[in-house]
Each structure stands twice: as C-alpha cells, then as structure tokens.
Amino acid sequence: MKTWVFGTLALLAVLPLGVGEYYVNLASQVLIFAVFAASINLLLGYGGLPSLGHAAYLGVAAYLSALLQLKLGLSHWVIAPLALLGTTVMACAFGLIALRAAGLGFLMLTLALSQVLWGTAYRWVSMTDGDNGLRGLARPAPFGINLDGAPAFYYFTLLIAAFAIWMMARFVNSPFGATLKGTRDQSRRMSALGYHVWLIRWVTFIYAAFWGAVSGLLFVYYHKYIHPVSLSLANSAEGLLAVIAGGSGTLAGPIVGAAIVLLLKNWASAYIERWNMLLGFVFVFIVVFMPEGVVPGVKRLWKRYISRA
C-alpha cells in the first residue's frame, strides 16, 4: 500500500479532533458519496459501461432498510444483510436486462430501470409514503456503541468506507479485474481468446451494485430518513460526474470527485443562490484542462514539473 494511503487515513482519523460538528458531518457525507462513486467507477472506469441508473441500488437498499425497521421492527443486525441481499438479487435481474446492450444502449437501459423504481417510490404511497418519505428511523448501535453523535458516526462511516474501497481495489487489481479491463478495451479479442465477456460484465455489474447498496445503508443511517429523490436521475448523474471529474479508471479519482461535488454542493449553496452554475463551471474547467480527470491530470502536471526541475 502506498504511503499516501496511510497519510490520508491518518489525516481522516484525526479530522474530528480539529474541526467542528458541521465539518465532521460533511466529511461523513463525502465518505458515503465516495463509496457510491467508487462503485460506479467499477462499471465506467474499469468495465467501460456508463450507467445512469446506479442510484437505484442506493435507494432500494435504503428503502428496504427503512421498511424492515418501520414495518417489521427488526434489528439492524438482521436488516442490513436482508437489505443488501434484496438489492443484490435485484441487481442480478437488472443486469440480465441492461447487459443485453453496451455503450449508449446500456446507459439508456440502466436509466429506464432506475426510473421505474423512482416512479414506484413516488406512487406507492401506502408503502413508501410517497413524496413525504419515510421518517422516524434510527441508527444502528454496533456492539452497544451509540452512533447518534457526529464523531461516532463519522468513524463508523470511515471504517466501512475504507473497507469498501479496499475491497474494490482488490477486485480491480485481481486477475478477474485484468480480464474486466480487457473487455473494456478489446471485447471482441477477449471473446476470441475464450473469455465469457457477458459473464464478466454481469459479475462486475452485481459487485458494483452491492457496494452501491452499502452506500445506501450508510446514506439512510446518516439522514435517518429516505425520500424518492435518492433514486432519481440527478443522484445517479452526480455520481457519474464525480467519477469523470476525479478520473475514471483510477482508485483515488472517485474519492476526489466525490469531495469536489459534495463540498461545492454544501459550501457554495450557502453563499451562492445559483450554485449549480458554479458546479457546472468547475466541471467545464476540469474537462477542458484535465480531460482525463483531476487525479490523472495532477499526476501529469507533477511529472512535468519534476522533469523540468
């Protein structure tokens, strides 16, 4: 593991000691969004499969967790595995449909499937309470630890996020990850060599959905509330933009992109009424001057600086 990883983890570990509660909560949101963006990166960056429906897995996991808690009164030790299992099974079925196409066709199919769920969450009022959302949720208390405080929940989120990103890093750096990159770059050649391209993509689709579901559980734990907007196109698009801005096909890119999106969204909106315009200008700047993304772009500029020094 690289030195910068240990340095980043050490900095994140001491962050609550030096900032106020607002920034601790903001850091928790960034970590949750980073897991979500990293799961999209498995599809886009390593599989070459752009998805506009990934919010479906975040939203479904969150809704399942909320419904199991409110309707059945189950404990979180039971709810979390059931929510992850239900979302993963749904992803298996969605993958069978979406992977009938690639490129633009795949993007449109994932969008259509997620919009079906978004519409269902809005219209099935007896189950989801429609536009009012599901309220009155509680955070888990693992091993008796109360997570209602900002620092406690932050460390819980940091632990889960670090494990999730480590697992995704192991996935893409494994032999299977190498075949996935091969299907991205030369799908016909991989098929000619005897690799089952569709199956490789389907397994990756399910794996990415699983970690999207994990981000959904963290999302509903943080907010203690879930609304149909969590399943919306805008939520999926923000995750996709975070991956592209940070650098798709890199491990650090989605994390940096998630930080950019969340910090602008929360900080700029407090001072600028039309903060969406600022967010748009930032993305235009990144695309023009660092088309490969912030992380690869900074690496390129650093190597150029070193070579001249």
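Ala, Val, Leu, Ile, Met, Phe, Trp, Tyr, Cys and Pro count here as nonpolar, Asp, Glu, Lys and Arg as charged, and the others, Gly among them, as polar. By that division, the lining of the largest pocket in this structure has 26 nonpolar, two polar and three charged residues. The structure is a predicted model. This briefing covers its pockets, its cavities, a nonpolar surface patch and some of its salt bridges.

**Largest pocket**

- The largest pocket holds about 1,000 Å³ of space.
- Its lining is made up of 31 residues, and those closest to the pocket centre are Trp4, Val5, Thr8, Ile165 and Ile255.
- Several helices each give at least two residues to this lining: helix H1 (3-18), helix H2 (21-47), helix H7 (150-172), helix H12 (253-271) and helix H14 (294-308).

**Second largest pocket**

- The volume of the second largest pocket is about 530 Å³.
- There are 22 residues in the lining of this pocket, and Trp77, Pro142, Phe156, Ile160 and Tyr221 are the closest to its centre.
- At least two lining residues come from each of H4, H7 and helix H10 (197-223).
- The lining of the second largest pocket divides into 21 nonpolar residues, one polar residue and no charged residues.

**Cavities**

- Two cavities of 30 Å³ or more are found in the structure.
- The largest cavity encloses about 70 Å³.
- Around the largest cavity stand Ala38, Asn41, Leu42, Tyr46, Ile165, Met168, Ala169, Val172, Thr250, Leu251 and Pro254.
- H2 and H7 each contribute at least two of the residues that line the largest cavity.
- Nine of the residues lining the largest cavity are nonpolar and two are polar, with no charged residue among them.
- Ile165 appears in the lining of the largest cavity and is also one of the residues closest to the centre of the largest pocket.
- The second largest cavity has about 30 Å³ of volume.
- Ser65, Ala66, Gln69, His76, Leu137, Ala138, Arg139, Val220 and Tyr221 line the second largest cavity, and the elements giving two or more residues to this lining are helix H3 (55-71) and H10.
- H3 provides the largest share of the lining of the second largest cavity, with three residues.
- By class, five nonpolar, three polar and one charged residues line the second largest cavity.
- Tyr221 is part of the lining of the second largest cavity and is also among the residues closest to the centre of the second largest pocket.

**Nonpolar surface patch**

- Leu72, Leu74, Trp77, Val78, Leu82, Leu85, Val89, Phe143 and Ile145 form a nonpolar surface patch of about 960 Å².
- One of these residues, Leu85, is located in helix H4 (residues 76-98).
- Leu85 has a relative accessibility of 53% and counts as exposed, because exposed means over 50%.
- Trp77 belongs to this patch and is also one of the residues closest to the centre of the second largest pocket.

**Salt bridges**

- The structure has a count of five salt bridges, and among them are the pairs described below.
- Asp129 and Arg135 are joined through their side chains by a salt bridge, at 3.1 Å from N to O.
- Asp129 is partly exposed at 23% relative accessibility, and Arg135 is partly exposed with a relative accessible area of 46%.
- A salt bridge also joins the side chains of Lys224 and Asp148, at 4.0 Å from N to O.
- This pair links distant parts of the chain, 76 residues apart, with Lys224 in the loop between H10 and helix H11 (233-246) and Asp148 in the loop between helix H6 (125-128) and H7.
- Lys224 is partly exposed at 31% relative accessible area, and Asp148 is partly exposed at 48%.
- Lys265 and Glu238 form a further salt bridge, with their closest N and O atoms 3.2 Å apart.
- Lys265 lies in helix H12 and Glu238 in helix H11, so this salt bridge ties together parts that are 27 residues apart in sequence.
- Lys265 is partly exposed, with 31% relative accessible area.
- Glu238 has a relative accessible area of 19% and is therefore buried, since buried means under 20%.

Note on methods. Residues are numbered from 1 along each chain as its sequence is written. This is a predicted model: local features need pLDDT of at least 70, side-chain atom pairs count only at pLDDT 80 or more; totals for chains, interfaces and linings use all residues. Side-chain values use heavy atoms; hydrogens and water are left out. Patches are made of residues with over 30% relative accessible area and no salt bridge: like charges are joined within 9 Å, nonpolar side chains (Val, Leu, Ile, Met, Phe, Trp, Tyr) within 5 Å. Accessible areas come from the Shrake-Rupley method with a 1.4 Å probe; for residues, only the protein chains shown count as cover. Helices (H or I, at least four residues) and strands (E, at least two) are DSSP runs, numbered from the N terminus. Buried means under 20% relative accessible area, exposed over 50%, partly exposed in between (1.4 Å probe, protein chains only). On a 1 Å grid over the protein atoms alone, a cavity is a set of points where a 1.4 Å probe fits but cannot get out, and a pocket is an open set with protein on both sides within 12 Å along at least five of seven lines; lining residues have an atom within 4 Å of a point. Grid points are joined across faces, edges and corners, and a volume is the space filled by probe spheres set on the points.
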